[in-house]
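Trainee: I would like a close look at a single helix and its surroundings. Please take one part and go through it in order.

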Amino acid sequence: MFAYSRAEDECRSVWLRRYFGESDGLEPCRVCDVCMARKKDGRKKVSPETVAKLVHTGPMTVKELVARFAAEEPDDVLAALDTLIADGRVAIDPTGIIRA
Ligand SMILES: [Zn+2]
């Protein structure tokens, strides 16, 4: 029934739109229960480990990666990604795909 499971911390709107094949401009809605819970938690930094775990599930573009982190600031996701690249744990190929 479900093509793939939804990450616990993924915005419901982003997940739904991705489920129906959208991949561009997926921004967290900031009003669903997942986004609200995130807001209540306050702003958390994205840990490189969390990003690494996601990248290990399969190749994805930077845009897709950022979209997977519902209520996080894209800059925080990119900072975590930079750390992983600097450590040689992930790489971005010439087509913009992140690979573990
Ligand atoms: Zn949301």
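Against which elements do the buried residues of α5 pack?

Mentor: The model is a predicted one. In it, the buried residues of α5 pack against α3 and α4, the latter covering 62-68.

Start with the helix itself. α5 runs over residues 74-86, which makes 13 residues. From its first C-alpha to its last it reaches 18 Å, close to the 18 Å expected at 1.5 Å a residue. Buried in α5 are Val77, Ala80 and Leu81. Viewed down the axis of α5, the buried residues fall within an arc of 100°, so they line one face of the helix. The face turned away from that buried side carries Asp75, Asp82 and Ala86, which are exposed.

Next, the packing with α3, which spans residues 48-55. The axes of α3 and α5 are 8 Å apart, and the two helices pack at an angle of about 80°. An angle from 65 to 115 degrees counts as roughly perpendicular, and α3 and α5 are therefore roughly perpendicular to each other. On the α3 side, the contact is made by Pro48, Val51 and Ala52. On the α5 side, the residues are Val77, Ala80, Leu81, Thr83 and Leu84. By class, this contact of α3 with α5 has seven nonpolar residues, one polar residue and no charged ones. Val77, Ala80 and Leu81 thus appear both among the buried residues of α5 and in the contact with α3.

Glu49 is also located in α3. Its C-alpha atom is separated by 8.2 Å from that of Ala80, with the two residues 31 apart along the chain. Glu49 has 12 other C-beta atoms within 10 Å. A residue counts as exposed if the number is 12 or fewer, so Glu49 is exposed. Ala80, by contrast, is buried.

Then the chain beyond the helix. Just after α5, Gly88 takes a positive phi of about 75°. Strand β2 comprises residues 91-92, and Ala91 lies in it. Ala91 has 12 C-beta neighbours inside 10 Å and therefore counts as exposed. Leaving aside residues up to four places away in sequence, Ala91 touches Ile85 and Arg99. Ala91 is also 10 residues from Leu81 in sequence, and their C-alpha atoms are 9.2 Å apart in space. Leu81 is one of the buried residues of α5.

Notes: Residues are numbered from 1 along each chain as its sequence is written. This is a predicted model: local features need pLDDT of at least 70, side-chain atom pairs count only at pLDDT 80 or more; totals for chains, interfaces and linings use all residues. Helices (H or I, at least four residues) and strands (E, at least two) are DSSP runs, numbered from the N terminus. A residue is buried if 20 or more other C-beta atoms lie within 10 Å of its own, exposed if 12 or fewer, and partly exposed in between; C-beta atoms are placed from the backbone. The expected span of a helix is 1.5 Å times one less than its number of residues. The arc is that of the directions from the helix axis to the C-beta atoms. Two residues are in contact if their C-beta atoms, placed from the backbone, lie within 7 Å. Axes are lines fitted to C-alpha atoms, for helices over the stretch in contact, and angles run from 0 to 180 degrees between N-to-C directions. Angles under 35 degrees count as roughly parallel, over 145 as roughly antiparallel, 65 to 115 as roughly perpendicular and the rest as oblique. Ala, Val, Leu, Ile, Met, Phe, Trp, Tyr, Cys and Pro count as nonpolar, Asp, Glu, Lys and Arg as charged, and the others, Gly among them, as polar.
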